[in-house]
Amino acid sequence: MILYTNSLKKREFDKKGPQNFCSERATIVNRQGASENENSEAAELRKRSSGPFSREAGEQSELARRDPTQSKTDSASCLCINAKNISKSFKSPTATTILKNISLEVQAGETVAIMGKSGEGKTTLLHILGTLEPATEGTLEICGLTATSSNWNYLRNQKIGFIFQAFNLLEDYTVLENVLMPAKIANQDAHERALELLQEVGLSHRKDFPAKLLSGGEKQRAAIARAFLNDPALILADEPSGNLDHANSTIIYNLLLGAAQKRGKALIVVTHDSELAALCQKTYSLMDGELR
Ligand SMILES: Nc1ncnc2c1ncn2[C@@H]1O[C@H](COP(=O)(O)OP(=O)(O)OP(=O)(O)O)[C@@H](O)[C@H]1O
Ligand SMILES: [Mg+2]
């Protein structure tokens, strides 16, 4: 799930409602249509997977077939991201190609850092991998599902957790409410899990604080708990420690990597810090539109 909330006030969020509160960049798609399709697709998949036919026949359920992360036994070998020949061009203000023919595979449990100079397209690439922005060319599979505008919202809410440099918390909501937001969007009760995650990131004592009263490091720890709430297969982090001092950066990286590895998540993190990148299993550089 994704929340872009730099200047968001509680009143504005309440007015829009959680389902409509998506990335500004993501409004490129028909959000209304996507949401309806996504809900019907998820419901259809659940209905089929719980039906007697697939289970009793001992076959892999439709849900597991199309979404391997639903099968716990397969999760270790799950290809969480399979991006092929991704290119991205902008037409205005001047025609530019930012990403050229990028292919990337990330397995469950893998930690990957993407480095590169400012303006090379790291955020753009992460947004494309996170279905926040469409690629100009190429294909993207998340957990075996081909990403299309009809399942973007489903993928964002159920399969992908985002962490941003600017935290993007709802500042007038409490820490607990922020962490619970992905479950609220999915109409699920995750209160216990939210409390467990807050304990894991060391924020139990701040759960009833409005997010705006937290320090930068605390905000990012809350954002990490929020990203993990719906148990997504893939965690995407865009310079998660970019606004923090070195001590807090290290805490955030250790938490992020620890939580991802403990749960077998695929983690892609964009960073300028080679020391932090070195903590990941693989490091790529984005340069001249190519990933090397
Ligand atoms: N909607 C857009 N239209 C035109 N150009 C854009 C658009 N969005 C991004 N760009 C351009 O794409 C390039 C890459 O931007 P991006 O934010 O992905 O870089 P980055 O590598 O994340 O940089 P930084 O390290 O500073 O965060 C920049 O030159 C930016 O101006
Ligand atoms: Mg960026």
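Two strands pair if DSSP finds at least two bridges between them. In this predicted model, strands E6 and E7 clear that bar, with 5 bridges joining them, and they run parallel. One of the matched positions here is phenylalanine 162, which sits opposite leucine 236 in E7.

E6 itself is well tucked away, as 5 of its 5 residues are buried. Both of its faces are covered: Ile160, Phe162 and Phe164 are buried on one side, and Gly161 and Ile163 are buried on the other. E6 belongs to an open sheet of 6 strands, laid out in the order E6-E7-E8-E3-E9-E10, with mixed pairing. The edges of this sheet are taken by E6 (160-164) and E10 (290-291), each of which pairs on one side only. Further in, E7 and E8 are also parallel, and 5 bridges hold this pairing. Here isoleucine 235 has leucine 267, in E8, as its bridge partner.

Now for the other sheet. It is open too, made of 4 strands in the order E2-E1-E4-E5, and the pairing is antiparallel. Strands E2 (96-107) and E5 (145-146) are at the edges with a single partner strand each, so one side of each has no neighbour in the sheet. E1 (residues 79-90) pairs with E2 in the antiparallel sense over 8 bridges. The two strands make a hairpin, with 5 residues between them. Following the pairing from one matched position to another, phenylalanine 90 stands opposite threonine 96 in E2, while leucine 79 faces glutamine 107 in E2.

Phenylalanine 90 turns up again around ligand 1, whose surroundings also include Ile98, Gly116, Ser118, Gly119, Glu120, Gly121, Lys122, Thr123 and Thr124. Sorted by character, the residues of this shell come out as 2 nonpolar, 6 polar and 2 charged. Which helix gives the largest share of the shell around ligand 1? That is H5 (residues 122-129), which supplies 3 residues.

Next comes helix H10, which covers residues 246-263. Is its length what one would expect from 18 residues, or not? At 1.5 Å a residue, H10 should span 26 Å, and its end C-alpha atoms are 26 Å apart, so the two agree. The buried residues of H10 are Ser249, Ile252, Tyr253, Leu256, Ala259 and Ala260. Looking down the axis of H10, these buried residues fall within an arc of 145°, so they line one face of the helix. The other side of H10 has Ala247, Asn254, Gly258 and Lys262, which are exposed.

What do the buried residues of H10 pack against? Their partners are strands E3 (111-115), E7 (234-238) and E8 (266-270), along with helices H8 (191-200), H9 (216-228) and H11 (274-277). Three of these partners, E3, E7 and E8, are strands of the sheet that also holds E6. After H10 comes glycine 264, whose phi is positive, near 70°.

Stepping back to the whole protein chain, there are 11 helices and 10 strands. Of its 292 residues, 44% count as buried. As for contacts between residues at least 6 apart in sequence, 71% of them join residues at least 24 apart.

Key
Residues are numbered from 1 along each chain as its sequence is written. Chains are lettered from A and ligands numbered from 1 in the order in which they are written. This is a predicted model: local features need pLDDT of at least 70, side-chain atom pairs count only at pLDDT 80 or more; totals for chains, interfaces and linings use all residues. A residue is near a molecule or strand if its C-beta atom, placed from the backbone, lies within 6 Å of it. Ala, Val, Leu, Ile, Met, Phe, Trp, Tyr, Cys and Pro count as nonpolar, Asp, Glu, Lys and Arg as charged, and the others, Gly among them, as polar. The expected span of a helix is 1.5 Å times one less than its number of residues. A residue is buried if 20 or more other C-beta atoms lie within 10 Å of its own, exposed if 12 or fewer, and partly exposed in between; C-beta atoms are placed from the backbone. The arc is that of the directions from the helix axis to the C-beta atoms. Two residues are in contact if their C-beta atoms, placed from the backbone, lie within 7 Å.
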